[in-house]
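User: Could you take a close look at the inside of this protein for me, starting with any enclosed empty space? I would love one connected walk through that part and its surroundings.

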Amino acid sequence: MDVVIWSRIQFAMTAAYHWLFVPLTLGLALVMAVMETLYVVKKDEFWKKTAQFWIKLFAINFAVGIATGIILEFEFGTNWSNYSWFVGDMFGAPLAIEGILAFFMEATFFAVMFFGWDKVSKRFHLASTWLTGIGATVSAYWILVANGWMQNPVGTTFNPDTVRSEMASAAAFWEVVTNPVAVSKFFHSVTSGWVTGGVFVVGVSAWYLLKGREKKFALRSILIGGIVGLVGSAAVMISGDASGVHAAEFQPMKLAAAEGLEEGGKGAAFTIVPGVKVPHMLSLLATHDWNGYVPGINDILRGYTDNEGRVIPSVADKMAMGRTALDALETYRGSEDPAVKAEALALLNANVQYMGYGHLEKPEDVIPPVGVVFWAFRLMVGLGMLLALVLLLCVWFAWKGKLENCRWLLWTALWCIPLVYICGQAGWVVAEVGRQPWTIQGLLPVNVAISSLSAAAVKTTFFIFLAVFALFLIIEIRILLRAIRKGPEVEPGNA
């Protein structure tokens with residue numbers, strides 16, 4: 001278990017660190033593309049200089065984000081080799097497409113965008129800027145297809161001969177690609193990146209106004225960044241609603257943990273904070289039915305009947321069927337008798353959907369850390385609402401020409417920069433900690449997915465990565481701050 005815990009800690013650190021850079025990449029890509037579009041349409045050099053400034057910050061963030069993403073993918077093989085073997089047929093396809101198509105597209109057009117000013121036509125450069133952002137977004141989609149499959153494994157079948165989960169046809173591939181969990185997770189993640197980019201642009205611009213610098217640049221950037229952030233906030237709410245419905249359908253334990261719901265029922269109440277509840281609201285959010293049934297933690301342990309009348313077995317029964325599947329697999333692979341193999345295969349196929357439960361020691365193992373998931377969800381939602389309000393106020397006061405005098409709002413906008421990162425990290429805590437103990441929902445728990453490593457080896461690499469990541473983060477922040485202090489190279493008359 002020591003190896004499992006340290007492998008999880010190391011991967012969590014790497015993933016959380018990587019997510020510091022991804023949302024800003026997605027958000028700034030849209031902001032700078034809109035600004036360059038205004039330059040091409042209006043033929044105003046001010047917008048060119050404005051776009052160039054934000055592209056410079058984008059490039060700094062983009063470079064570090066690539067390095068952390070590469071490390072993250074390598075850890076699948078080094079620390080989670082059993083997982084990589086089990087999902088290699090499925091997992092390799094979206095990651096290969098992401099690397100070949102999306103990554104090369106964004107890298108190619110990034111070079112034109114960053115170095116191509118005055119070397120290519122305005123329209124070609126504008127297309128490169130948009131395609132850089134589109135490439136980053138497409139890249140995110142394929143990554144989230146893989147992640148979505150881990151949350152809701154569709155389109156694959158278990159092959160007892162290879163002991164892998166494999167895609168058998170093109171139709172299965174498209175089932176994986178259009179997985180509803182992956183689609184909602186993609187829109188939720190990308191639009192949360194728009195919020196991050198919008199908050200970052202507004203916060204940095206607020207700093208200029210507090211310093212009495214680059215007023216026109218700051219006010220125009222606040223309008224663009226604020227609108228992008230508000231559009232993102234609205235889209236996050238819509239995609240978040242879809243994510244809640246999918247959690248109720250495919251990961252009910254995650255939803256129960258996020259609500260701290262021990263006993264479920266019809267017309268379940270939504271808990272704002274302990275002791276403050278909104279009647280029927282959880283049922284409405286989870287099932288889009290005022291009186292829809294939402295199972296609690298104890299209901300899932302005992303077994304229940306869902307809203308469609310399906311009888312969901314207890315965890316103890318799933319564990320028994322899972323062990324039957326594992327025993328049948330062992331018999332199938334170890335026997336040379338065709339009749340024995342056929343009988344074992346039939347027994348395996350009848351119970352294979354619960355095979356992962358056969359690795360659990362007790363039913364309570366399926367309960368994630370409830371307190372962590374419960375409060376992370378509230379932190380995410382609460383900060384998301386605060387950020388949307390601050391963006392709305394900044395856009396309104398900037399539009400009315402009153403923002404420069406609202407120093408309290410400018411300071412609030414500036415301090416929202418770290419808050420938007422906390423909000424994003426909290427969202428991933430809900431998504432990933434909430435599905436524990438599974439690496440693949442219902443199929444492969446974490447204690448089976450790890451590599452044959454010593455705890456000492458994982459600890460050593462953890463602290464090495466921690467030191468390297470901390471150094472990279474310090475360097476990136478210093479470079480960003482230096483570029484921000486220098487400011488945009490706008491014409492003196494426009495400052």
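Analyst: Happy to. A word on classes before we begin: Ala, Val, Leu, Ile, Met, Phe, Trp, Tyr, Cys and Pro count as nonpolar, Asp, Glu, Lys and Arg as charged, and the others, Gly among them, as polar. Please also keep in mind that this is a predicted model.

Let us start with the empty space. The structure holds one cavity of 30 Å³ or more, and the largest cavity takes up about 30 Å³. Around the largest cavity sit Val199, Val202, Gly203, Leu387, Val390, Leu391, Ala413 and Cys416. Sorted by class, that lining comes to seven nonpolar residues, one polar residue and no charged ones. Gly203 belongs to the lining, and Gly is counted among the polar residues. Three helices each contribute at least two lining residues: H7 (180-210), H14 (370-399) and H15 (407-433).

One lining residue, Cys416, leads us to the cysteines. Searching the whole structure turns up zero disulfides. For Cys416, the nearest cysteine sulfur belongs to Cys394, 7.7 Å away, and Cys416 is in no disulfide. A disulfide would need the two sulfur atoms within 2.5 Å. Cys394 is likewise in no disulfide, its nearest cysteine sulfur being that of Cys416. Both count as buried: Cys394 because its relative accessibility is 0%, and Cys416 because its value is 2%.

From here we can step out to the nonpolar packing. The largest nonpolar core has 65 residues, and the members that touch the most other members are Leu28, Trp54, Leu57, Phe58, Phe200 and Leu403. H7, H14 and H15 each supply at least two residues of this core, as do H2 (22-42), H3, H4 (81-115), H8 (215-250) and H17 (455-486). The largest share, 11 residues, comes from H3.

Phe200 is a good residue to click on here. Setting aside neighbours within four places in sequence, Phe200 contacts Leu24, Leu28, Trp54, Leu57 and Ile417. Apart from this core lies another, of 45 residues, including Ala136, Leu144, Phe173 and Leu329.

Finally, a charged residue on H3 is worth a look. Lys48 is found in this helix, which spans residues 45-78. Lys48 counts as buried because its relative accessibility is 7%, which is under the 20% cut-off. Beyond residues up to four places away in sequence, Lys48 touches Tyr39, Trp117 and Asp118.

Notes. Residues are numbered from 1 along each chain as its sequence is written. This is a predicted model: local features need pLDDT of at least 70, side-chain atom pairs count only at pLDDT 80 or more; totals for chains, interfaces and linings use all residues. Side-chain values use heavy atoms; hydrogens and water are left out. Buried means under 20% relative accessible area, exposed over 50%, partly exposed in between (1.4 Å probe, protein chains only). On a 1 Å grid over the protein atoms alone, a cavity is a set of points where a 1.4 Å probe fits but cannot get out, and a pocket is an open set with protein on both sides within 12 Å along at least five of seven lines; lining residues have an atom within 4 Å of a point. Grid points are joined across faces, edges and corners, and a volume is the space filled by probe spheres set on the points. Helices (H or I, at least four residues) and strands (E, at least two) are DSSP runs, numbered from the N terminus. Contact means heavy atoms within 4.5 Å. A nonpolar core is a set of buried Ala, Val, Leu, Ile, Met, Phe, Trp, Tyr and Cys residues joined through side-chain atoms within 4.5 Å.
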